[in-house]
Structures are given as C-alpha cells and as structure tokens.
Amino acid sequence: NPPPPIGCEVDTFNLIFSKPMDISIQPYVTFGVCEPYTQHIIEGVWVDSTNWQGTYEFGIMTGDGINHLRVTTAQDCEGMEIPKDTRFSFVIDATGASSVGFIAQAGIGKVDLEWNGQDMQNLMGYNMYRYHKVTDTTYSDTTLINTSMITDTIYCDMSVIPNTTYYYMYTGISTSFNESDYSNPASATPFSAANGDANGDLAVNVLDITTIVAYMLNQNPQPFLFDAADVNYDGQINVLDIIGVVQIISGDKSAHLNSAINNNTEPAYYSIENNKLILESEGNVAAMQLKFKVQRLKDRVKITRILNDLKIFSMAKGFEFSYGVVDDYIIGICYSMSGKVIPEGITELFRFEGVDVSNIEITEIFGGDLYGDYVPVLKKGQQQTPQIPDNFLLSIYPNPFSNSTVINYKLAEEARINISIYDLKGRKIDNIISKKQSAGNYNVTWTPGGNSKLNSGIYICHLEAKTEDRKITKDVKIIFMR
C-alpha cells in the first residue's frame, strides 16, 4: 500500500535487507519521477547490518507527482551487489500541501493574495499565475501576471475586470533559477465600486476627480476602476465624467447619468490672442477638454524639449486646470470642483508661455454643461457644424432605467443602421432597428419591461453604421433594473 502524499516536510526512509550487508559500503539511494530515478539523493547511515536509515527534506522545489525509489551499490558480506530496485513508489504533493492557507481576497477592482512562506534559504522568490473563466465551460490560458520576481508572500493584482472569476496559482523560484510546480489554485471575483468611485476607496470625493484626471493624462493611477469612473456610461473617460463626479459630490440630482446629444446646445467659440486662449460662450460651459500639439521650429529640436518649455497658466477664477504630455500631444482639462460654469460672454481661460502661440495647433476641443451634456467648441469664425467625436455618436438616457430608455444617435452621412442589445456573454437579446437612414439626429425608445425573461443587470447596446466606404461600430453599457 503506498504511503499518503508527501507535502513540505522531512521524512525518514528505512531500508530493510533480507540478509546482513557490508556496512562499509554506503548504498546509493535516490528517487525521481522518470528514469534513471536519480533526480534526488537521500543521505543516510547504517543502523545495523540489515537496516539503513536516511532522511530527506521535501519542499516545493522537489517536484510533485509519482516518484520511484532506486537503491544501488549495496553489497552483502560476500561482495554480491543487489540489483537496482525501483519497486517502491510514492506521491509528492509538496506544492499542493504548501497551498494550505493560500488566500485570494476579492476587493474593489483588485484581488489581494497571501500564502504561507517556504524556507527562503532555498527560494529566491515566487511567480504568480492566473486564468479566468470565459464561459461556464471554458477558461482562458494561464498567464504570468507579475513583471518582476515576488520576494514576499503577499501580492495585489490590480489588473482585473470586476465580476470576473480569477484563479491564481503561485510557483517558487530556487536559487538555481528553477521553478516549482503550480500551487493549488485560489479563486476570487473582484467587484466594482459605486458610480464615481474611481479609486475604489468606498467614497466619492475629490480624490476620485484627481484619479480620473491622472488617468486622462496617462499617469497610470492604481487602482483605477474604469467602470466606476465612466460616470455617464458612454465607454469613454473624459471631462464629462469629471462633471458627473462633481455632481455626485455636490448631491445635485439634476446631473444626467448619460451624455445625450443635445440638439439645442449653443456652441462656444475660442480664439488664441496675445498668448491667451479666449472663450466666448452663452454661459453653458462647465468644463472643457482640449488636445493640441506644438509644431517643431527646427527639425533638430526635439518635440519633448519644446513641450517641456511650454508653460500653461489658468486664468479662470474658481476653475482647476491640469495638463500633461501624452504621445507628443498636450491634453488639458479645465473643470470646477464646485459645479460652476464659465461666465457668459468673453473669458480669458489660459495663458501660454515659453512657445510662440502661432505654432500651437488645437486638434480637439469640446466642453460639457452642468448636466454632463456635450457642448461643441468651435474656432472663432468657424461656421460649419463641428464634427462630434465618436464617443458622442451613441448615447442613452436614462441609464440606469427600469421601464424604458431612449437611444440617441447621430449620423454624419447616409448609412444602414443596425441597433441591437446583447448580454455580457455576447448573446443577442433584442434587435431594435435595422434600416437605411440619411444624415441627421435620431432617437428610438427601447422598452424591455415586457420581456419577462430579461433579468436586471448590465447589457450592451451595439450600434453598427455601414456607409459605402466604411463601417462604424459603437457599444454603450446600459443597466436595466426590473
């Protein structure tokens, strides 16, 4: 009968010979998972002429699986050597045994991992692997998630998607750079935070605004909960979400939960004069986002040097202004912590220093009103209708909803439109519209309440617009509460 599986422990091996042996000759006792079964050597001594005893310390680097014992070189008193013996087998589950106490604790946008440490004399550190459930019957590949060796017995995985079940396994790394088998898995399902709680600290406050700003400026804040930061559920993180967080903090219930295309919104106009950006508006701009670049004066002058020389100062009282360099562009964000609007009329917003403003080219600029609706911002003297960014092609309000909601969309040119609803597993729930339409603004009401099989939860509204030469798709998350 085989012994029970061996974990991380020190075990004794007793060899009993059927006749007296020459105790001046030590037997060569080894074990392993494959021939010649000499991967591990057991050190020991003779107790008497028929009994030999050795010990071995098993750890996670020993190697799990079915191992076979091998005995050679032992001789009896007449000089006869016994044949090699591999009759005895045993199971090692050291890595699995060490997994007792391996904990994966779900958090908001993260999973905290903790496990029992091994003897660090033989281990330099650990690697952490994970896989996740894709469907009820399929799983993803197992991937390494740490970018450098873990030297402690705790690890925090922040690159997770809420409401996804993850399975974690760790391995040990020896001083000879060998890697152990996987531990037994530990699982956790991270969850999302309340709307607006971008940093997952269970409160919606100014720290969430600074976290969203840091994300927009490519500063990689950790943790960052995209779903919670996407206050208006449009699949984008921009200044409109900052307006939404300000409204949540102030308790203003008039804030929209989704940015609707407001056909009656009066555009604002900007100009750059005397190194200043000047805005002329109807008093309906509560925040602005702009993206611009600086033209090189000479080819030999590095763009990073030009951007570092550029300084921007805010001139609007009561408004915060943050900016940063992202991929040779400058992203600027202007907003109010107290829900103010830029005064009606002409307002000096920013002052540029360090660079000739004639070399500044604004490539994108738009605003948002107090309700989080998009406000077009045009260059002064521009008469044509501004091109609405892709993230405003499709919007839904109200969202969340319990009875019906209105799907708003804008077509810049004639296209064949298909709008469908999918669940998070990619199954089509409803087909709302499928027809050819000319350029313009449209809306359609979706009432899912009559579908008794539709449960409360998150769904995807998918729009597909096909023109003669291209196809545009857009997805927006919607929350249905029965």
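In the predicted model, the buried residues of helix α4 pack against two helices and several strands, namely α2 (206–216), α3 (226–229), β16 (287–294), β19 (329–335), β21 (360–368) and β22 (374–379). The residues of α4 that contribute to this packing as buried positions are Val-239, Leu-240, Asp-241, Ile-242, Ile-243, Gly-244, Val-245, Val-246 and Gln-247. Because nine of the 12 residues of α4 are buried, the helix is largely enclosed by the rest of the structure.

The length of α4, which covers residues 239–250, was compared with the value expected for a helix of 12 residues: at 1.5 Å a residue the span should be 16 Å, and the C-alpha atoms at the two ends lie 17 Å apart, in agreement with that expectation. At the start of α4, a side-chain oxygen of Asn-238 comes to within 3.0 Å of the backbone nitrogen of Leu-240, a residue that is itself among the buried positions of the helix. After the other end of α4 comes Gly-251, for which phi is positive, near 75°.

With regard to the protein chain as a whole, the secondary structure comprises five helices and 29 strands, and 46% of the 482 residues count as buried. Among the contacts in the chain with a separation of 6 or more, 66% are accounted for by residues 24 or more positions apart. The accessible surface of the protein chain was computed to be about 24900 Å², and carbon and sulfur atoms make up 48% of this area.

Terms used. Residues are numbered from 1 along each chain as its sequence is written. This is a predicted model: local features need pLDDT of at least 70, side-chain atom pairs count only at pLDDT 80 or more; totals for chains, interfaces and linings use all residues. Side-chain values use heavy atoms; hydrogens and water are left out. Helices (H or I, at least four residues) and strands (E, at least two) are DSSP runs, numbered from the N terminus. The expected span of a helix is 1.5 Å times one less than its number of residues. Buried means under 20% relative accessible area, exposed over 50%, partly exposed in between (1.4 Å probe, protein chains only). Contact means heavy atoms within 4.5 Å. A polar contact is a pair of N or O atoms within 3.5 Å; within protein, one must be able to donate a hydrogen and the other to accept it, and residues adjacent in sequence count only if both atoms are side-chain atoms. Accessible areas come from the Shrake-Rupley method with a 1.4 Å probe; for residues, only the protein chains shown count as cover.
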